[in-house]
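Subject: Structure handover

Hello,

Here is the structure you asked about. Please open it next to this message; my notes follow below.

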There are 2 protein chains.
Amino acid sequence: MRVALGREDFKALRIAKASNVNLKQLSQLLGLSQTTVSRALNGYPEVNAETRERVLDAVRRTGYRPNRAAQRLATGRAGSIGLVMPTAHGYPSDVHFGEFLAGLGDEAVRHDFHFVINPSHPDDEEATCKRLVASGNIDALFIAYMREKDPRVALLKSLSIPFIVHGRSIGIPTDYPYLDIDNTAAFHDATKLLVQLGHRRIALLNGPAHFAFAIRRKKGLEAALAESGLRLDEACVQHSPMTDEHGFSGMKRFLDLPERPTAILCSSTVLALGAVRALNQAGLKLGSDVSLIAHDDVLPMLKPENFSVPLTTTRSSLRSAGSRIAKRLIARILNLETLPEQELWTAELIVRASTGPAPQPAGRANRRSPG
Amino acid sequence: MRVALGREDFKALRIAKASNVNLKQLSQLLGLSQTTVSRALNGYPEVNAETRERVLDAVRRTGYRPNRAAQRLATGRAGSIGLVMPTAHGYPSDVHFGEFLAGLGDEAVRHDFHFVINPSHPDDEEATCKRLVASGNIDALFIAYMREKDPRVALLKSLSIPFIVHGRSIGIPTDYPYLDIDNTAAFHDATKLLVQLGHRRIALLNGPAHFAFAIRRKKGLEAALAESGLRLDEACVQHSPMTDEHGFSGMKRFLDLPERPTAILCSSTVLALGAVRALNQAGLKLGSDVSLIAHDDVLPMLKPENFSVPLTTTRSSLRSAGSRIAKRLIARILNLETLPEQELWTAELIVRASTGPAPQPAGRANRRSPG
DNA sequence: CAAGTCTCTCAAAGCGCTTTGGACGAAAGA
DNA sequence: TCTTTCGTCCAAAGCGCTTTGAGAGACTTG
């Protein structure tokens, strides 16, 4: 029975508007059952198109918003995703984490999803994951900072909870859902550019050696060198947290080497910051005396184009990654269209002023040294 | 009727352990009503001490954890706190935000509280707050990045939702709950130290001018100068986002001034990063040619003691602030002991190597210039 | 000794939603 | 014409917790 809204109803409507309507009131207002209204809202097929329109219209007018707690209880879905945030003292990932989170949040808020943020010592992440899942109030988990043969992957599989990995482990089958950038290719291409510019001795300021991304980046560098018959000198490699200070000291060490590298690869613009500082201090000119390519996570606080000499970078937005991961995670939870399980993004190689031809060894202009 | 646990019960117990016990099962196991068990767990007085002990023991053995969604529904409390994260493109607060969030999360996870993180353009924060509150699934809100006469305070008051402000506005009554550090005092004391060291011309690399903290820091500087009969030259002040790049360019500008300042106050170690770079580039020695004091939020990625010349700082941990705010917010929601509504923390002035006596004007050693 | 007080416990009524298992006509097939 | 099948809709049973209102004993009190 369909009835036009009378004066009484409008009064109810106004009250409802003030004090948050619930499903019952809404259905009474419409002269429908809660079932039908609920179905209309959740896109079930067994409801008349016209009825659905009426419902949607009433929702707009009353400002009805389903109570998330009730939904969660009824569906058994927690409506929130877990986040393990590695934050030991001195742990350098905060900058990157904040940016990533912004992306996650952007997407999550659109679906009314919440976060359970669990800070944890990096060495304790496994236990934290377990605890988080056991708590029962997340229905998906996100993990990052993958290491070689990372035990968390197996753990999460065994816990049978939807999860997505940012990055990829190494040395275990990659049959889990991930989003990663092609670090190998990125650093391979960057190296190739440097080699094309005549650089023969290239150094690497990398992240901590136990992280998969760091391993891959080094591999990319080595592969590209090998293609030109060159080898990576281990003295030209530094693994360290990606802070300004490590960038500075690392670069300084490189410059003190008997055979000084002519080009540097940096795993982060934060590292590059320190590296450039060391370069300036040594009186070397970026882009001519020394070339540098950094990986750019697109941190708003540190733009490569704003460096005194704009930096050539391999770019991939951390924030977009966060947003994408949230989208996939939520789709997974809601059983919507199945998005691809595994994604490998390509970083863009953007050339700016920090790269240039290798300086010619004095007195031997334009000739390659023999042997 | 109190019954010892029989074989059947232990079987039930084992099953329960595997598949998450609920209150009903737990109460059956104990031969008590759900009411009593619930009360025992929530610390109500009308339950026998011995009974409570029995309940607690069973909880330990079964690993019972109340279903948060059900609790939320029954109590009407959302069990989560809202976070408006300002993240416009180029907005520089990420570093600080991440660190702060770690503190928040630390405390929140202890009480099973969730977050609703709502990224928002800084200029749109008011609307975002409104939307967040209206969504009905937060029961407290946290806001930061206070501006002069910030309209959000009045807004939140009118929305009658518990909230805490990180920082304090200026120009409106401070009768709302906040946690702030005494920025005026911090920069006053820092300035005083510099003046005692003989510095007469002091510059300020500050955060954006519309932020209350920036206004207060400038005020502190001016007050301390005034006490010694000195004035702040507006040419020696820069308001800008707190990025490395702005630190660099700002310092460069200062150094180009006809009357160059002998000391610099920095609102962030990130600014100091760029400032120090400019100093090095100009061939000036930090701590002797120029003194510098930075405010240190205790970011793990950027420690003042690790700078090539360790930085004198005014220190106050952002992370502790986050943790404290979460604690107060949660106490507020749960109506626990009433923690103080307003807190003003004092920043510590920690002297390291970046401060030293003012360089003597050439040819007039140890004498003050007349007039 | 009846009446009042405590102390401890319980049954049952929600909280606001989803979802199961029909019900009731109307259209379609036998 | 009588069954089937749809297409729409509904009543009611949860989801797992908190909380109200009361009851059964045990203990005081007048």
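Start at DNA strand D. The side chain of B:Gln71 places an N or O atom 3.1 Å from a phosphate oxygen of this strand. The elements that each give two or more residues to the surface near strand D are H3 and H5 of chain A, together with H3 and H5 of chain B. Keep in mind that this is a predicted model.

More on strand D

Two further contacts of DNA strand D go to bases. A side-chain N or O atom of A:Thr35 is 2.5 Å from a base nitrogen of strand D. For A:Ala74, a backbone N or O atom lies 3.5 Å from a base oxygen of strand D. In total, 29 residues surround DNA strand D. The closest are A:Thr35, A:Thr36, B:Leu23, B:Ser38 and B:Arg39. Of the strand D atoms within 4 Å of the protein, 60% belong to sugar or phosphate. The rest belong to bases. By class, the surface near strand D divides into ten nonpolar, 14 polar and five charged residues.

Strand C

Now turn to DNA strand C. Here 28 residues surround the DNA. The closest are A:Leu23, A:Ser38, A:Arg39, B:Thr35 and B:Glu46. Sugar or phosphate accounts for 58% of the strand C atoms within 4 Å of the protein, and bases for the rest.

Three residues of chain A are worth a look, each beside a phosphate oxygen of DNA strand C. A:Leu23 uses a backbone N or O atom, at 2.3 Å. A:Asn42 uses a polar side-chain atom, at 3.1 Å. A:Gln71 also brings a polar side-chain atom to 3.1 Å. The elements that give two or more residues to this surface are helix H3 (34-41) and helix H5 (68-75) of chain A, with helix H3 (34-41) and helix H5 (68-75) of chain B. The surface near strand C has ten nonpolar, 14 polar and four charged residues.

How the two chains relate

Chain A superposes on chain B by a rotation of 180° with 0.0 Å of shift along its axis. The RMSD is 0.1 Å. The two copies are therefore related as by a two-fold rotation axis. The same surface serves both copies, as 100% of the contact residues of chain A recur in chain B.

Chain A overall

What does chain A contain in helices and strands? There are 13 helices and twelve strands. Chain A has 371 residues, and 54% of them count as buried. Take the chain A contacts between residues at least 6 apart in sequence: 67% of these join residues at least 24 apart.

An enclosed strand in chain B

Look next at strand E6 (residues 202-206) of chain B. Five of its five residues are buried, so E6(B) is largely enclosed by the rest of the structure. Both faces are covered. B:Ile202, B:Leu204 and B:Asn206 are buried on one side. B:Ala203 and B:Leu205 are buried on the other.

Which strands pair with E6(B)? Strand E8 (residues 263-266) of chain B runs parallel to E6(B), joined by four bridges. Strand E7 (residues 237-239) of chain B also pairs with E6(B) in the parallel sense, over three bridges. B:Leu205 has a partner in both strands. In E8(B), B:Leu205 stands opposite B:Cys266. In E7(B), the bridge partner of B:Leu205 is B:Gln238.

Two buried side chains

The first is B:Ser120, in strand E2 (residues 114-120) of chain B. Is B:Ser120 buried or exposed? Its relative accessibility is 6%, so B:Ser120 counts as buried. The side chains of B:Ser120 and B:Thr128 are joined by a polar contact of 3.1 Å.

The second is A:Arg352, in the segment after strand E12 (348-350) of chain A. A:Arg352 has a relative accessible area of 18%. The cut-off for buried is under 20%, so A:Arg352 is buried. A polar side-chain atom of A:Arg352 lies 2.6 Å from the backbone oxygen of A:Leu311. Leaving aside residues up to four places away in sequence, A:Arg352 touches A:Pro304, A:Glu305, A:Pro310, A:Leu311, A:Thr312, A:Thr313 and A:Arg315.

Best wishes

Notes:
Residues are numbered from 1 along each chain as its sequence is written. Chains are lettered from A and ligands numbered from 1 in the order in which they are written. This is a predicted model: local features need pLDDT of at least 70, side-chain atom pairs count only at pLDDT 80 or more; totals for chains, interfaces and linings use all residues. Side-chain values use heavy atoms; hydrogens and water are left out. A residue is near a molecule or strand if one of its heavy atoms lies within 4 Å of it. A polar contact is a pair of N or O atoms within 3.5 Å; within protein, one must be able to donate a hydrogen and the other to accept it, and residues adjacent in sequence count only if both atoms are side-chain atoms. Ala, Val, Leu, Ile, Met, Phe, Trp, Tyr, Cys and Pro count as nonpolar, Asp, Glu, Lys and Arg as charged, and the others, Gly among them, as polar. Copies are superposed by least squares on the C-alpha atoms of residues with pLDDT of at least 70 in both. Contact means heavy atoms within 4.5 Å. Buried means under 20% relative accessible area, exposed over 50%, partly exposed in between (1.4 Å probe, protein chains only). Two strands pair if DSSP finds at least two bridges between them.
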